[in-house]
Amino acid sequence: MLPATSKLCAAISYRHLRNMTGLRRQAAVAISQELSRLASHSPGPSTWIHQVRRRSSLLSSRLEEKPFSEMEMSYIKQGEEALQKSLRILEDQDDWKTETVAGNGDKVLSKVLPDVGKVFRLEVVVDQPLDTVYGELVDNMEQMGDWNPNVKEVRILEKIGKDTVITHEKAAATPGNIVGPRDFVSVRCSRRRGSTCVLAGMSTTYGAMPEQEGFIRAENGPTCMVLRPLPGSPSQTRLTWLLSIDLKGWLPKSIINQVLSQTQVDFAKHLRKRLARPVPAAC
């Protein structure tokens with residue numbers, strides 16, 4: 001299914017095919033059917049996968065609004081690929097091992113995938129409504145360096161349509177410089193349907209952002225965050241963060257595993273602190 005979907009999306013990127021409404025609709029239907037297949041495989045995450053599925057129709061509506069270049073279509077496809085791969089990983093509930101459990105219930109799990117490597121999954125509940133969490137992570141993503149000491153900077157390099165962005169992120173060195181500064185160039189896409197939000201991404205290349213002096217260019221993805229209201233408590237949000245990173249360099253696996261799981265725990269702590277700050281009154 002995925003190869004066929006990729007071919008359809010690639011075809012749309014060519015100028016002489018861009019105005020073929022039938023082809024655009026066929027591509028959107030193919031993506032929708034793929035997400036439907038994912039939703040049927042698991043009784044757990046299938047509920048929110050089904051909610052996100054209808055967002056795939058956005059691809060055709062965006063193409064109706066404005067023709068994209070071949071390069072822009074490539075980035076949109078990469079975002080869709082990151083979304084689909086992440087959901088497939090999360091819907092498989094088998095073989096996850098507990099890495100750490102914090103006193104407040106925050107939990108980090110991991111599993112090894114043959115085609116990806118070791119991935120980490122953070123499960124937390126945040127005492128803020130979904131709209132507040134979504135706004136901080138998506139609308140205010142460039143401010144993440146202000147509240148997360150593990151992040152030096154997040155910068156949006158390009159916006160493509162309503163839901164796809166290219167970003168450059170600089171990660172701070174760990175204490176003692178055990179892991180030196182890393183940076184990432186990523187394509188990110190967001191999907192929101194009803195009470196479920198998925199923020200997915202993966203590493204990409206961007207001509208205007210070559211490797212930077214003083215940073216090792218690392219790779220991430222597929223990665224995603226899933227936001228859902230806590231059942232029975234809409235003022236709280238359940239956040240699931242799937243993390244897959246290749247830090248590059250010569251680092252022992254034991255160090256990498258410790259750093260990545262701690263990064264997720266720290267993220268939850270700093271996010272709560274950020275969301276709990278008093279909001280300045282409007283003038």
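Start by selecting Tyr206: in this predicted model, its relative accessibility is 18%, so Tyr206 counts as buried, the cut-off being under 20%. Now add Tyr75, which at 4% relative accessibility is buried too.

Show both rings together. A search of the whole structure turns up 3 aromatic pairs. Tyr75 and Tyr206 make a tilted pair, because their planes sit at 45 degrees, with the ring centres 6.3 Å apart. Trace the backbone between them and you'll see that this pair links distant parts of the chain: Tyr75 belongs to helix α5 (residues 70-91), while Tyr206 is in the loop between β7 (196-203) and β8 (216-217), 131 residues away.

Next stop: Trp147, Trp241 and Phe267. Select these three and you have one aromatic cluster.

Stay with Phe267 and colour its helix, α8, which covers residues 253-275. From first C-alpha to last, α8 reaches 33 Å over its 23 residues, close to the 33 Å expected. Which residues of α8 are buried? Quite a list to click through: Ile256, Val259, Leu260, Ser261, Gln264, Asp266, Phe267, Ala268, His270, Leu271, Arg274 and Leu275. While you look along the helix, keep in mind that an α-helix has 3.6 residues a turn, so residues three or four places apart point the same way.

Now for the largest nonpolar core, with 32 residues. Pick out Leu122, Leu137, Leu227, Leu239, Phe267 and Leu271, which touch the most other members. Elements giving two or more residues to this core include β3 (117-126), β10 (223-230) and β11 (233-243), but the largest share, 7 residues, comes from α8.

Zoom in on Leu122. What is Leu122 in contact with, leaving aside neighbours within four places in sequence? You'll find Lys107, Val108, Leu239, Thr240, Trp241, Gln264, Phe267 and Ala268. Apart from the largest core lies another, of 27 residues; Leu157, Val198, Met202 and Val226 are among them.

Two arginines are worth a click as well. The charged end of Arg121 sits over the ring of Trp96, 4.6 Å from its centre. Arg192, for its part, lies over the face of Tyr134, at 4.8 Å from the ring centre.

Finally, zoom out to the whole chain. There are 8 helices and 12 strands, and 49% of the 283 residues count as buried. Of the contacts with a separation of 6 or more, 59% are between residues 24 or more positions apart. Switch on the surface: the accessible area is about 14,100 Å², with 52% belonging to carbon and sulfur atoms.

Conventions: Residues are numbered from 1 along each chain as its sequence is written. This is a predicted model: local features need pLDDT of at least 70, side-chain atom pairs count only at pLDDT 80 or more; totals for chains, interfaces and linings use all residues. Side-chain values use heavy atoms; hydrogens and water are left out. Helices (H or I, at least four residues) and strands (E, at least two) are DSSP runs, numbered from the N terminus. The expected span of a helix is 1.5 Å times one less than its number of residues. Buried means under 20% relative accessible area, exposed over 50%, partly exposed in between (1.4 Å probe, protein chains only). Rings of Phe, Tyr and Trp (its six-membered ring) pair if their centres lie within 6.5 Å; planes under 30 degrees apart count as stacked, over 60 as edge-to-face and the rest as tilted. A charge sits over a ring if NZ of Lys or CZ of Arg is within 6 Å of the ring centre and within 35 degrees of the ring normal. A nonpolar core is a set of buried Ala, Val, Leu, Ile, Met, Phe, Trp, Tyr and Cys residues joined through side-chain atoms within 4.5 Å. Contact means heavy atoms within 4.5 Å. Accessible areas come from the Shrake-Rupley method with a 1.4 Å probe; for residues, only the protein chains shown count as cover.
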